[in-house]
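Subject: Handing over the structure

Dear colleague,

I am passing this structure on to you, and I would be glad if you could look through the sequence and the model before reading my notes. The notes are meant for someone who has not worked with it before.

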Amino acid sequence: ISDEAEELKRVIDRVKRELKKIERNPKRYDDAEGELDRCKQEIRAITKQRSELYWGAYPLNILTNYGVLPNYAFPEEGVKLTSIITGIEIDDGHGGIQYAYEVFEYHRGAATAIKEFAPFNIFYGEGRKVEIDLIETGGLGNSNIESWQFCDRCSYMEISHLGNDNSACPKCGSQMWKDSGQLHEVIRLKSVGSKVNHIKSLTADETDERDRKTFLVQDYIDIDEENLVGGFNVEDKVFGFEFVKHVTLTEVNFGLGDPIGQKIQIAGEEIPAAGFIICPDCGIVNQSNDPEKPTPHRRHCKFYNKKATEHKWSNLYLYRQLQSEAIRILLPVSAFAVPEKLQTFKSALELGFKKLFKGNPGHLLIKEQSEPLQDDEGAFRRYLIICDTVPGGTGYLKDLVYSGGLIKAMELAL
């Protein structure tokens, strides 16, 4: 909390310095009075937001939201939405009206927030609807934006480091690994924002038909061979399964999708390269299709009131990541080459788990994965991965492998 409060204080101090510049030399500005008003509004709004960090939440909520205490509603660290409602009319104490701000905070688990708190989405709460229009980037001086190298053939990805001399993918050996087109900026989704006028935010919420955006979201599961610790196989058939004591699950939101824009190849699939267009300093989302008239930046941003040609935008993917445990099932390629057969097998497994656990094990993710073979061009192995989405794992999957529970689930599905 102290780090977040300190960052907000730096933003307030920056706007105060801009305020003094305008007051000292108002003739330099086309609309000095308007600029002064915008500065004062921003200072009040961010000051209110900063005070809410300490006094606007119950202590127990603070401890669970920041991962100090476990939160069983979402065991991962939560993602925060800060919603600033502007233009609220209040009595100024002298018979007149002045405009005030309200700051609301909402938290969601990362698995839900990767879509629900993504830019352009509409969030509904407390009789209001607000559009997500900002991703907290940390600013240019303390940026949380990362550059990742993506493999075009397999699901391997890593942070790009200067001096990294790998000429091929460390996982599958793809020679496209060092291609500049495989490098893309990403940001871990931790905090988002919305700023909207009071009247515009009000909604009677009389219908279930809510405005929800559809995003291209993919799961990638990275398994190191040294973490395979035993399992079961059928000697005369290409089928078996093994327990994986440590896996990395990465879920990436690639944006709304652009069928005609530039593409990047990731894990054998074509992915839109655009992602979300976001200011690397203030984090505002560019919603304009006119390059000459981009979305205005926040008042404290270094690109505020700059010419369109001087603006800097980042094309970002959003991601969440956790470490857990899994079961990897090797499938016969010929038997499951038809997507319908693979989907039938996945559905049967889900049914078997429901019968075995006498309920829906919602924390288990079942995902297909194809891994190319380094020594055989064009050949690959096909797996079904059962991943525990609770960070660190719950122990369910290890027990399923060693107690025969996975075979029992398959039998129950018949």
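Below I go through the salt bridges, then some single residues, and then the pockets and the cavity.

Please keep in mind throughout that this is a predicted model, and that the residues are numbered from 1 along the chain as its sequence is written.

Salt bridges

The count of salt bridges in the model comes to 12, and I describe some of them here. K80 pairs with E105, and the closest N and O atoms of the two are 3.7 Å apart. This pair links distant parts of the chain, since K80 belongs to strand β1 while E105 belongs to strand β2 (residues 97-109), 25 residues apart. K80 counts as buried because its relative accessibility is 4%, which falls under the 20% limit, whereas E105, with a relative accessible area of 26%, is partly exposed.

A salt bridge also joins K171 to D222, with 3.5 Å between the closest N and O atoms. Here too distant parts of the chain are linked: K171 sits in the loop between β7 (157-159) and β8 (183-188), D222 sits in strand β10 (residues 217-223), and the two are 51 residues apart. Both partners fall in the partly exposed class, K171 at 29% relative accessibility and D222 with a relative accessible area of 25%.

The pair of E225 and R328 forms a salt bridge whose closest N and O atoms are 3.7 Å apart. E225 lies in the loop between β10 and β11 (228-234) and R328 in strand β16 (residues 314-331), so this salt bridge ties together parts of the chain that are 103 residues apart in sequence. E225 is partly exposed, with a relative accessible area of 49%, while R328 is buried, with a relative accessible area of 7%. The two residues also belong to a network of salt bridges that links E225, E242 and R328.

Single residues

R128, in strand β4 (residues 128-131), is a charged residue you may want to look at, as R128 is buried and yet has no salt bridge. The nearest side chain of opposite charge is that of E126, which is 7.1 Å away, and a salt bridge needs the nitrogen and the carboxyl oxygen to be within 4 Å, so E126 does not serve as a partner for R128. The side chain of R128 does make a polar contact, at 2.6 Å, with the side chain of S201.

T248 is found in strand β12 (residues 239-253) and counts as buried, at 16% relative accessibility. Its side chain makes a polar contact with the side chain of Q323, at 3.5 Å.

K48, in helix α2, counts as partly exposed at 29% relative accessibility. K48 and V103 are 55 residues apart in sequence, and in space their C-alpha atoms are 6.8 Å apart.

Pockets and cavity

The largest pocket has a volume of about 1000 Å³, and of the 40 residues that line this pocket, those closest to its centre are E4, E7, E136, N144 and S191. At least two lining residues come from each of α1 (2-24), α2 (32-55), β1 (78-91) and β9 (191-197), and α1 gives the most, with eight residues. By class, the lining of the largest pocket divides into nine nonpolar, 15 polar and 16 charged residues.

The second largest pocket holds about 580 Å³ of space. It is lined by 23 residues, of which D133, K195, V196, I284 and R298 are the closest to its centre. The elements that give two or more residues to this lining are α2, β3 (122-125), β4 and β9, and the lining comprises eight nonpolar, five polar and 10 charged residues.

Finally, the structure holds one cavity of 30 Å³ or more, and the largest cavity has a volume of about 40 Å³. Its lining is made up of Q149, E158, S160, H161, N164, W177 and K178, which by class are one nonpolar, four polar and two charged residues.

With best regards

Key:
Predicted model: local features only at pLDDT ≥ 70, side-chain atom pairs only at ≥ 80, totals over all residues. Heavy atoms only, no water. Helix = DSSP H or I, 4+ residues; strand = E, 2+ residues; numbered from the N terminus. Buried < 20%, exposed > 50% of the residue type's maximum accessible area, 1.4 Å probe, protein only. Lys, Arg positive; Asp, Glu negative; His and termini not counted. Polar contact = N/O pair within 3.5 Å; in protein donor to acceptor, adjacent residues only side chain to side chain. 1 Å grid on protein atoms, 1.4 Å probe; cavity = no way out; pocket = protein on both sides within 12 Å on 5 of 7 lines; lining within 4 Å. Points joined across faces, edges and corners; volume = space filled by probe spheres on them. Nonpolar A, V, L, I, M, F, W, Y, C, P; charged D, E, K, R; others polar.
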